[in-house]
Amino acid sequence: MVKIAPSLLACDFAILKEEVTSVKESGAEILHFDVMDGQFVPNISIGLPILESLRKVTDMTIDTHLMIENPEQMIDLFCEAGSDMVSVHYEATNHIHRAIQQIKSHNKLAGVVINPGTPVELLSQILVDVDFVLIMTVNPGFGGQGFIESTLDKITWLNQYRKDNNLNYEIEVDGGINDQTGKLCKDQGADILVAGSYYFKHEDYKEPVRKLKGE
Ligand code: DX5
Ligand code: ZN
């Protein structure tokens with residue numbers, strides 16, 4: 001069964017604690033936490049103080065998506081602040097292998113992320129080391145953008161590669177996910193659907209969870 005990871009970027013930060021309580025009650029499994037530095041992506045979002053506060057009020061799995069330059073400088077802090085999963089962009093470091101090991105040294109789940117324009121085959125040497133792969137299905141930086149269909153082939157490739165090589169990383173997708181695009185991703189083998197604007201636009205968050213899971 002696919003897991004749902006609402007992206008907090010689209011929640012109401014003025015009532016963050018209530019939002020997180022509603023997210024948990026909705027049946028979503030993971031909280032997706034988007035960190036942007038205004039350099040790697042043209043936007044600035046949320047960071048360590050919010051993560052620390054969030055950790056105090058929820059026992060949900062927190063999935064930190066680092067959209068930052070020089071992720072190695074910040075990985076230790078984001079692990080210590082309470083992340084359960086941390087992902088770094090392949091494009092943001094010259095040393096993706098080191099960055100992945102750094103996350104794992106904190107006993108956190110380690111993921112590699114690629115932008116829509118980055119070929120998935122570039123990941124072949126790192127797939128044996130990661131717990132999950134995050135495929136960006138929009139260009140990162142903003143919520144509410146349209147799903148880029150050409151990214152579907154990357155999910156197909158990753159699903160086949162893990163079968164062929166007996167690996168068990170999870171495949172996560174992020175950007176423009178709704179009930180329709182989410183189904184396309186699931187059909188190709190995605191295990192975790194991140195959803196921001198689609199999820200939080202609902203009055204009752206149980207509804208997008210039901211629809212995304214296809215129940
Ligand atoms: C985009 C972020 C996403 C974003 C998704 O840069 O990584 O997690 O919040 O938002 P939607 O689901 O609205 O595309
Ligand atoms: Zn994200």
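Which residues are exposed on the other side of H6? In this predicted model, the answer is Gln-180 and Asp-187. Helix H6 spans residues 179-188, and its buried positions are Thr-181, Gly-182, Cys-185 and Gln-188. These four residues lie on the same side of H6, because the arc that they cover around the axis is only 125 degrees. Such an arrangement follows a general pattern: an α-helix has 3.6 residues a turn, so residues three or four places apart point the same way. The cover over the buried residues of H6 includes helix H5 (152-164) and helix H8 (206-213), together with strands E7 and E8. After H6 comes Gly-189, which has a positive phi near 115 degrees.

The strands E7 and E8 also flank H6 in the chain path, and the three elements form a right-handed β-α-β unit. Strands E7 and E8 pair in the parallel sense, with 3 bridges between them. In this pairing, Glu-172 is placed opposite Ile-192 of E8. Strand E8 pairs with strand E1 (residues 3-6) as well, again in the parallel sense, here over 4 bridges. Lys-3 stands opposite Ile-192 in that second pairing. Strand E8 (192-195) is covered on both faces: Ile-192 and Val-194 are buried on one side, and Leu-193 and Ala-195 are buried on the other. In a regular strand the side chains alternate between the two faces of the sheet.

Val-194 of E8 leads to the annotated site. An unreviewed UniProt entry lists His-32, Asp-34, His-65 and Asp-174 under "binding site". These residues are spread over 143 residues of sequence, yet they cluster in space, with a largest C-alpha distance of 10.6 Å. Two of the listed positions were examined further. His-32 is located in strand E2 (residues 30-36). It counts as buried because 28 C-beta neighbours lie inside 10 Å, where 20 or more are required. Beyond residues up to four places away in sequence, His-32 touches Ala-5, Pro-6, Ser-7, Leu-8, Asp-63, His-65 and Val-194.

Asp-174 belongs to strand E7 (residues 170-174). Asp-174 is likewise buried, since 26 other C-beta atoms are found within 10 Å. With neighbours within four places in sequence left aside, Asp-174 is in contact with His-65, Leu-134, Met-136, Thr-137 and Val-194. His-65 and Val-194 thus appear among the contacts of both His-32 and Asp-174.

Conventions. Residues are numbered from 1 along each chain as its sequence is written. Chains are lettered from A and ligands numbered from 1 in the order in which they are written. This is a predicted model: local features need pLDDT of at least 70, side-chain atom pairs count only at pLDDT 80 or more; totals for chains, interfaces and linings use all residues. UniProt positions are given in the numbering used here, feature names are shortened, and annotations may be inferred rather than shown by experiment. Helices (H or I, at least four residues) and strands (E, at least two) are DSSP runs, numbered from the N terminus. A residue is buried if 20 or more other C-beta atoms lie within 10 Å of its own, exposed if 12 or fewer, and partly exposed in between; C-beta atoms are placed from the backbone. Two residues are in contact if their C-beta atoms, placed from the backbone, lie within 7 Å. The arc is that of the directions from the helix axis to the C-beta atoms. Two strands pair if DSSP finds at least two bridges between them. A crossover is right-handed if, with the strands pointing away from the viewer, the path from the first strand over the helix to the second runs clockwise.
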